[in-house]
Amino acid sequence: MPCPRKTNPLRRLPALALAALTVIAGAGCVSKPTMQLDHAEITGIRIAFPPSLGILMTIVVNVHNPNSYDVAVRAVRGQVVLAGRYPLAVDFRADGDGVWLPSDRTTQVRVPVSVPVDLGLQLLRESFSSPVIPYRFSGRADVTATRTFRLEADDYSVDDHGVVARNQIEAALGVMR
């Protein structure tokens with residue numbers, strides 16, 4: 001009767017590494033989440049340090065995750081252009097591991113933007129005869145694929161137009177009086 005062959009755990013290492021790479025490569029074929037601007041809303045006044053006062057505008061983006069696993073939005077960077085000529089930087093970094101998006105679902109991601117008070121007043125003066133102020137949001141999101149392997153990919157983009165109600169800015173500025 002032949003003796004059972006003893007296997008050295010180190011001999012299995014290449015096979016385990018190949019299996020892990022296959023799993024990672026399969027997870028690395030991340031389908032790009034699609035991002036679409038839903039709306040913007042004025043949610044109040046923002047006081048920040050160093051001392052500054054701004055109107056807090058929140059841009060709501062619908063993000064569809066077509067994958068069979070969860071992905072997370074870690075950050076959104078870009079620019080909002082109000083009334084066709086006033087650019088504002090967007091630099092949102094999600095808390096913790098990011099905003100996790102369930103598989104095969106659309107989730108709203110809320111991106112805050114601070115509008116300086118003097119710009120808010122300027123927009124009100126310029127849009128006196130219009131109930132809305134147009135804006136364009138163009139940006140990119142950084143995404144982490146799967147909670148297990150945490151594969152990071154950047155550059156998922158959105159470029160869309162919308163309007164914000166003029167009376168929302170009036171109400172936010174009215175709070176300061």
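1. A good place to start is the pairing of Arg 166 with Glu 170: in this predicted model, their side chains form a salt bridge, with a distance of 2.4 Å from N to O. Both residues belong to helix H3, which covers residues 166-175. They sit 4 residues apart, about one turn of the helix.

2. The two partners differ in how they are classed for accessibility. Arg 166 counts as buried because its relative accessibility is 10%, under the 20% cut-off. Glu 170, at 37%, counts as partly exposed.

3. Next, have a look at Arg 77 and Asp 142, whose side chains also meet in a salt bridge, at 2.5 Å from N to O. This pair links distant parts of the chain, the two residues being 65 residues apart. Arg 77 lies in strand E3 (residues 71-82), while Asp 142 lies in strand E7 (residues 132-145).

4. Here too it helps to check each partner in turn. Asp 142 is buried, with a relative accessible area of 7%. Arg 77 has 30% relative accessibility and so counts as partly exposed, since that value falls between the 20% and 50% cut-offs.

5. Another pair to find is Asp 91 with Arg 93, a salt bridge in which the closest N and O atoms are 3.2 Å apart. Asp 91 counts as partly exposed, at 49% relative accessibility; exposed would need a value over 50%.

6. To put these pairs in context, the structure holds 6 salt bridges. As general background, side chains of opposite charge can pair when their charged atoms come close.

Note on methods. Residues are numbered from 1 along each chain as its sequence is written. This is a predicted model: local features need pLDDT of at least 70, side-chain atom pairs count only at pLDDT 80 or more; totals for chains, interfaces and linings use all residues. Side-chain values use heavy atoms; hydrogens and water are left out. A salt bridge is a side-chain nitrogen of Lys or Arg within 4 Å of a carboxyl oxygen of Asp or Glu. Buried means under 20% relative accessible area, exposed over 50%, partly exposed in between (1.4 Å probe, protein chains only).
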